[in-house]
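Student: I would like to take a close look at a single part of this model, the sheet, and to follow how its strands are put together.

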Amino acid sequence: MRKPKVTRMGFALCLGCFIMVILYFNSSLKPASEPVGEGSSGHKSRRSPLQTLYDGDQVESAVQAIHQGRREVLEEACRSYTRKRRVLIPEDLKHVIVDDQHGLLYCYVPKVACTNWKRVLMVLTGAAGSHRDPLAIPANEAHIPGNLRTLSEYSTSQINQRLRSYLKFVFVREPFERLVSAYRNKFTRSYNTAFHKRYGTKIVQRHRQDPQPEALEKGNDVSFEEFVYYLVDPATQREEPFNEHWERVHSLCHPCLIHYDVVGKYETLEQDSRYVLQLAGVEDQVSFPASSKSTRTTGDMAAQFFHNISPFYQKKLYNLYRMDFLLFNYSIPAYLKFR
């Protein structure tokens with residue numbers, strides 16, 4: 001009677017040992033789970049620019065404080081001056097350039113160093129080929145459609161994911177300095193014949209008394225006063241949207257619909273550009289080109305252009321660009337006479 005009992009105990013012991021051996025080998029074959037934030041190589045994964053910004057321990061605190069202040073001013077102005085929020089559509093996102101490799105969204109504004117920012121992003125995304133120096137990229141090449149992807153090219157879910165997780169930045173400029181810069185570049189340079197034909201001839205026809213046949217044909221001698229008349233004429237925007245070079249920043253980049261993490265300013269271009277590259281962790285890969293232009297439009301230069309504009313038209317023009325002044329905390333220029 002005892003023999004079967006001993007046999008059963010021996011069988012149970014053997015079975016238990018067999019199960020323990022199986023469990024041991026299973027645990028040996030199963031890969032160890034990786035710690036959060038590390039890749040398969042054991043190296044820590046790179047933090048996104050957005051994480052770097054809001055963790056706040058990677059860049060100079062004084063610079064951070066400046067940009068936090070700009071975000072707060074923008075948010076407060078949006079609350080105060082926009083009546084109703086609407087849904088973004090792809091058309092709104094044609095100026096937002098995407099860098100998927102580094103988690104960046106950049107809304108480009110013409111006449112606010114956008115050529116150099118496009119060059120930098122071409123280097124970062126690989127669109128520049130072997131070029132590592134942004135200035136080695138010809139200016140016209142930086143503006144070729146298709147070199148850089150825009151957010152409007154993505155699906156709705158892809159757009160939302162990038163708006164949530166990428167660092168969004170924009171660079172702005174004192175509105176009337178930007179406007180004078182656009183006028184000087186597009187209407188006083190002999191090589192801009194396409195702008196003269198496209199816009200100059202129309203401006204001369206509408207806003208010049210007794211225009212000469214040559215001016216009507218070429219449109220290459222538009223005065224700043226005539227340009228202002230064209231901008232404030234209600235018929236202008238009824239016909240078509242403003243050209244991007246003088247369109248308002250809030251109409252190009254929709255800062256009350258898109259929460260920009262960094263609002264860079266042309267007046268502090270080098271500092272703010274370095275800040276963005278630090279947040280992206282690429283300051284050792286590419287440098288933002290230093291400005292060497294001695295002909296750049298300044299406030300004193302803008303004042304000269306506005307000298308012959310009557311207070312009536314100064315006020316109308318200010319009202320047209322008023323939201324850009326308010327959203328980005330620019331004061332009414334002292335040289336304006338309507339106040």
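Student: Which residue in E4 is the bridge partner of Phe-171?

Tutor: Bearing in mind that this is a predicted model, the bridge partner of Phe-171 in E4 is Gly-264. That pair belongs to the join between strand E3, which covers residues 167-172, and E4, where four bridges link two strands that run parallel. In general, the strands of a sheet pair through backbone hydrogen bonds, in either a parallel or an antiparallel manner. Taken as a whole, the sheet here is open and is formed by four strands in the order E1-E2-E3-E4, with mixed pairing. Strand E1 (96-99) and strand E4 (262-265) stand at its edges, and because each has a single partner strand, one side of each is left without a neighbour in the sheet. From one strand to the next, the twist averages 25°.

The surroundings of the E3 and E4 pair also include a helix: H13, made up of residues 269-279, lies across both E3 and E4, and its direction makes an angle of about 170° with that of E3. To put the pair together, then, Phe-171 is bridged to Gly-264, the strands E3 and E4 run parallel through four bridges, E4 stands at an edge of the sheet, and helix H13 lies across the two strands.

How values were computed: Residues are numbered from 1 along each chain as its sequence is written. This is a predicted model: local features need pLDDT of at least 70, side-chain atom pairs count only at pLDDT 80 or more; totals for chains, interfaces and linings use all residues. Side-chain values use heavy atoms; hydrogens and water are left out. Two strands pair if DSSP finds at least two bridges between them. Axes are lines fitted to C-alpha atoms, for helices over the stretch in contact, and angles run from 0 to 180 degrees between N-to-C directions. Contact means heavy atoms within 4.5 Å.
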